[in-house]
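I opened this entry to record what I looked up, one item at a time. Helix packing comes before the pocket and the backbone.

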Amino acid sequence: MDIGISIYHVEKGDTLQSVAEKLGIPAEILKRYHNTYCNLKNLIGYDLTGIYEIILPSSDKIVEYKKSQKQKEIRQIFLPFYLTKDFYATKYEVSESFEQPEEENVKIKYSVFVGLREDFNKGFIAEVEANDFKKNEQSPDDKISQLSLSCMKNISPIAFRIPAQGKITGFYDHKAIVKRFENSRSALNDFFIGEVSDNYLNAFYENLKSENDLLRQFSSSLLYQLLFPEMNWFQSKKNWKDYYYIVPDSFPVKCHFHTEYNFENLNYIEIIIKGKIIEDCSLQELLKGVKIDEYPKEQANGEIELKYTFHKESKQLTKVEAGIILLDKENLYQKHNILITKK
C-alpha cells in the first residue's frame, strides 16, 4: 500500500484497524481524518460497512503525526507530573546578573540548600537556605549588606508549604520565623551599632511580622519562582496563558507562553518556556507594584525565557537558566539573568 496516495480502496477483509496499522497511525486518527474530508454519505461509523474508499492523510502529515506522538509519549514517560521527594538536589549554585543602561552591571553568586520532606497528605515542606554570597566576585563588605545577610541567616532555613502540583502556597510556620528573629535581635543590636542599623532592624522586623507581605516577597522573586514552578507547566500545550512575577514584590502579570522540548540528550530533558507580557499595565505600574487607572498609558513590554533541565531517569532538577527582559518603549530598561546549577 502506497501511503503517498490520497485514496485507499477498501479490500475484502479490511478493517479500520488493519488499514490504520498499515499507515502506522491509530484507527481513531484515520477515521477522524477521513470523516473530516469525505461527503456525508461516506462517513465511517463503527466499521467499514458500505465504505469503499478511505481518504488518507498525506505522507508528510503521517510523518508529522508520528513525530508529535513520539514526543507526547516521551513527555509522559520522562517529564515530572508532580513534585516528588527526590525532585531537588541538596545543593545548587546560583549566579544572577542585573543589567541596566548607564548603570554598573551587578553579578551575584551564592549557594542554595533545599531540603524537601513530605507533609502527610498535604504535599511537601521545603526548607531553603542561601549563603556564601558574593557580589561582583567579592564578599559584601558594606555595613547594610552584612546586616541584611545576618538578618536572613538568623531566620533561615525558611520552610514553605509546597503542594504536589508545585508553587509556594505559604509558610510552614510563620510564627517560628518571627520568633527566631526576636531571639537573635539582641545579638544583632550589640554587633551592628548606630541609628542606621536600628532603623534597618526595625523595618526588617515589621516586614517579617506581616505574613502576607513576606510571602509575596519570596514568591515574587525569580529564584523562588524558578525553584518552585507549577508542575503542570512542564505538561502544558505549546501555547498557553498564565501569570508570572516579572518584577519582584510587584503584582503578577498575564503572559502568553509557548513551550519547546529537547529530548536529544540520552540522559537529560530540556524544557524551554518562552513568554511575553500581555497584561494591560504600564512599566511604571509594574515598578511601583500598583495599577493606576490613568489613560493613556503604554503597555509594559517584556519577555521571559526559562530553560529547565531534568535527569531523565531520576527526574531530578539539575539546572535552570532564565532571563527576563523589560523594555521601555523599544529600548532596554532592565535585563535579569539567572543560572541555577546542581552541585
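I began with the handedness of one helix pair, and found that α4 passes α5 in a right-handed crossing. I worked on a predicted model throughout.

Next I looked up the geometry of this pair. Helix α4 covers residues 143-155 and helix α5 covers residues 174-191. Their axes come within 8 Å and cross at roughly 135°. Angles over 145 degrees would count as roughly antiparallel. I therefore logged α4 and α5 as oblique to each other.

Which residues make the contact between α4 and α5? From α4 I listed Ser-150, Cys-151, Asn-154 and Ile-155. They meet Ile-177, Arg-180, Phe-181, Ser-184 and Leu-188 of α5. I sorted this contact by class and got 5 nonpolar, 3 polar and 1 charged residues.

I then turned to a second pair, α6 and α7. Their axes lie 5 Å apart, and the helices pack at an angle of about 95°. The range for roughly perpendicular is 65 to 115 degrees, so I entered α6 and α7 as roughly perpendicular to each other.

For the contact itself, I noted Asn-207, Leu-208 and Lys-209 on the α6 side. On the α7 side I noted Glu-211, Asp-213, Leu-214 and Gln-217. The residues of this contact divide into 2 nonpolar, 2 polar and 3 charged.

The pocket was next. What is the volume of the largest pocket? I read about 1200 Å³. It is lined by 34 residues, and those closest to its centre are Ala-130, Phe-133, Ser-148, Leu-149 and Met-152.

I checked which elements supply at least two residues each to the lining of the largest pocket. The strands are β3 (91-99), β4 (106-118) and β5 (124-135). The helices are α4, α6 (195-209), α7 (211-220) and α8 (222-227). So α4, α6 and α7, already in my notes on packing, come up again here. By class, I have 20 nonpolar, 9 polar and 5 charged residues in this lining.

Last, I went through the backbone. Most residues other than glycine have a negative phi, and most peptide bonds are trans. I therefore wrote down the exceptions to hand.

Is the peptide bond from Ser-156 to Pro-157 cis or trans? I found it cis, with omega near 0°. Pro-157 sits in the loop between α4 and β6 (158-162).

Asp-132 has a phi near 60°, a positive value in a residue other than glycine. I placed Asp-132 in strand β5, one of the elements that supply the lining of the largest pocket.

Note on methods. Residues numbered from 1 in each chain as written. Predicted model: local features only at pLDDT ≥ 70, side-chain atom pairs only at ≥ 80, totals over all residues. Heavy atoms only, no water. Axes fitted to C-alpha atoms, helices over the stretch in contact; angles between N-to-C directions. Helix = DSSP H or I, 4+ residues; strand = E, 2+ residues; numbered from the N terminus. Parallel < 35°, antiparallel > 145°, perpendicular 65-115°, else oblique. Left-handed = near helix turned anticlockwise from the far one by under 90°. Contact = heavy atoms within 4.5 Å. Nonpolar A, V, L, I, M, F, W, Y, C, P; charged D, E, K, R; others polar. 1 Å grid on protein atoms, 1.4 Å probe; cavity = no way out; pocket = protein on both sides within 12 Å on 5 of 7 lines; lining within 4 Å. Points joined across faces, edges and corners; volume = space filled by probe spheres on them.
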